[in-house]
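This report introduces the structure to a new reader. It treats the contact between chains, a metal site and a sheet in turn.

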Amino acid sequence: MVDKNQQVIDKTLDQEYKYGFTTDVDQTKFEPGLDEEVIAKLSKIKNEPEWLLEWRLKAFKNWKKMSEPTWAKIDYEPIDYQALSYYAAPKQKKNDSLDDVDPEILETYNKLGISLDEQKRLEGVAVDAVFDSVSIATTFKDELAKHGVIFCSFSEAVQDHPELIKKYLGSVIPATDNYFAALNSAVFSDGSFVYIPKGVRCPMELSTYFRINATNTGQFERTLIIADEGSYVSYLEGCTAPMRDENQLHAACVELVAHKDATIKYSTIQNWFSGDKEGKGGIYNFVTKRGNCLGDNSKISWTQVETGSAITWKYPSVIMQGDNSVGEFYSVAVTKNKQQADTGTKMIHIGKNTKSTIITKGISAGEGQNTYRGGVKILKNAENAQNFSQCDSILIGDKCGAHTFPYIDVKNPSAKMEHEATTSSIGEDQLFYCNQRGIKLDDAVSMIVNGFCKEVFEELPMEFAVEAKQLIEVTLENSVG
Amino acid sequence: MIKIKNLEASIDDKTILKGIDLEIPAGEVHVIMGRNGSGKSTLANVIAGNEAYEVDGGSIAMNDTDITEMSIENRALEGIFLCFQYPVAIPGVGMAYFLRSALNAHRKHQGKDEMDALEFLNNAKAILSELGLDDSFLKRSINDGFSGGEKKKSEILQLLTINPKLAVLDETDSGLDVDALRTVAKGVNKFKNENNSVLIITHYQRLLNYIKPDVVHLMIDGKIVESGDMSLVERVEKDGYSWLEK
Ligand SMILES: Nc1ncnc2c1ncn2[C@@H]1O[C@H](COP(=O)(O)OP(=O)(O)OP(=O)(O)O)[C@@H](O)[C@H]1O
Ligand SMILES: [Mg+2]
């Protein structure tokens, strides 16, 4: 049985990546290379105010002095930052009407199952579509505006709401925070912006769909979400990229700010191309995500389902500044073939009675390496802080690995901490049980794995929970024999 | 129904089954008794196709189709059902979802339409009430945190839902209180008819007070050494197995 399993695991991963096609569009693309001039040119195309260019240049100056972090359990050839292009955009300008969007691009989104046509769109979900370096279209803007909700591309926000951008940009992730965040701050090209006014419960799910298409191009987007007092928003991002032989760099920043009594729920379904079975190609996903529970009783909840990317380096974190604020992190990370994921979270308790929950499910198949790295920090004044962490790993086959690195730092003795961790192999006896009931092996594996991930999937908005389940099924097809 | 000829099987190069011959015609209930470790569960597992065991010789046929080499799920779809001695938990997988997937896999194989959720639910609820289980049972993760008795009843619930051709009950009576035993027996009696067969593996007479067997087999060290009627059960209860060893 074991040998047979191994054979099929080896065979597995001839699996087609469904989203691996490329789109042929007329594009404007910068020559490879990065210096002050490139940044100035980018800022000019975007018609940015002077202060923003200054901000970028300062970040760039800092970045040059920094070095790439090496502490993560990931292994890759050094990235040549001068060999990348820092801007690629379809020639057509963004317009208010979908009629003006290149039909090739609309077709791309259709193929991805994302209709930008409001009539056909899933009920109650507004989409911002980011293609390479720019936002192509944002749906339901008018509908949202009636509630005072601002949902637009980052570039538009810079033009239309500069005061908000100036106030919040870099307020959660300083431009000098880390190597990849500094790079992003210098060269970010677009992304999404959300503002929910006081007391408003956002009437629909908001989502951004990121697509990398161009070759040799880094994608550096920036998302900023502000939930004003007593507001609520649920936001989802999805990501795919074509299959290409070379690795592509994706270094995003996401900043969330929750004011008093506000709640932000941020979900990610990440399905970037993960490279072929020899480990060739795939996205390098180096992402900085952080939320600040600024006001009392605020709540930020991250849910992520990570199935793609050659390398994932990502630690969505929450700073619980307000009293009684809540931080949550729910994660499913799947690695197969030669994928590597080093992911986790940081929960920083500053306010009193703050509470955090961490639930992670790592799934490794093939030669995948899956690392959970999580930090919980209870500061001196955080009276009665509570953390619950549960980190489970499941192994499929015997060539993969799961690793757990919890870091705990408690400066206030009233803290209540609970940590649980388990690692198990997918049980032959569980598979036998399912098979004996007439359930096929593939179905049995996805059933068992989906069961394993249940607590996390339950945190996803309904439509996306279904998508996540299907994604796991496709990803693990043939991973056991 | 099932015809087993000179079956030999081993695990980790250790021979467990040493030439089993067993034939159960449709409509009959057979019983296997035997000492701990004599190979009863091994036989049940080999019938179900558990790949942890190596078949070293002999054959198994279901209704004249040789299934010795058939995959686990195909045998299941051909009508073999095993009530496990120790059913395994699958955390996070809901009973209803699991059961409906299993049922629909069978229906698909039989060329029938999938059963819709409502009809499935109504069927399942009727069976649950007969087994003295609450509807909320369907919402629990399969075998996860079930009591011993609940596990056995869950196996019977599955048996009655899937309605196979051959049910192999591996110590389904063990660990049950008097009422639960009666409930399980009622379930098995409900299942059996002239077109299907039952193989009961047990250590005790008590279940057989409710389910009348047609043939009783006694197993020693991987072989069936004696076959007969209910009187064999009484003899075992009284004298154990040592009288068979000679
Ligand atoms: N997975 C296994 N690995 C090693 N030995 C095994 C394994 N499964 C069964 N055996 C051995 O095979 C022999 C028969 O076991 P089996 O479980 O079939 O007995 P049984 O008749 O069902 O016993 P019981 O009445 O205690 O349930 C035993 O000696 C047992 O230790
Ligand atoms: Mg046994």
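A salt bridge is a side-chain nitrogen of Lys or Arg within 4 Å of a carboxyl oxygen of Asp or Glu. In this predicted model, the side chains of A:R437 and B:E155 form such a bridge, with 2.6 Å from N to O. The count between chain B and chain A is one salt bridge, and nine residue pairs are in polar contact across the interface. On the side of chain B that touches chain A, α1, α2 (72-78), β6, β7, α3 (95-109) and α5 (148-162) each supply at least two residues. Of these elements, α3(B) gives the most, with six residues. The contact takes 31 residues from chain B and 19 residues from chain A. Together the two chains bury about 2,000 Å², 67% of it on carbon and sulfur atoms.

The magnesium ion (ligand 2) has two protein donors, B:S41 (OG) and B:Q85 (OE1), which lie 2.0 to 2.3 Å from the ion. These residues are 44 residues apart and link distant parts of chain B. The table lists their accessibility.

| Donor residue | Relative accessible area | Class |
|---|---|---|
| B:S41 | 24% | partly exposed |
| B:Q85 | 16% | buried |

B:S41 belongs to helix α1 (residues 40-48), whereas B:Q85 sits in the loop between β6 (80-83) and β7 (90-94).

Chain B also holds an open sheet of four strands in the order β2-β1-β4-β5, with antiparallel pairing. Because β2 (14-24) and β5 (65-66) each have a single partner strand, one side of each is left without a neighbour in the sheet. Strand β1 (residues 2-11) pairs with β2(B) over eight bridges in the antiparallel sense. B:E8 has B:K18 in β2(B) as its bridge partner.

Notes: Residues numbered from 1 in each chain as written. Chains lettered and ligands numbered in written order. Predicted model: local features only at pLDDT ≥ 70, side-chain atom pairs only at ≥ 80, totals over all residues. Heavy atoms only, no water. Donors = N, O, S within 2.8 Å, 3.2 Å for Na, K, Ca; no water. Buried < 20%, exposed > 50% of the residue type's maximum accessible area, 1.4 Å probe, protein only. Pairing = 2+ DSSP bridges. Contact = heavy atoms within 4.5 Å. Buried area = accessible area lost by both parts, 1.4 Å probe. Polar contact = N/O pair within 3.5 Å; in protein donor to acceptor, adjacent residues only side chain to side chain.
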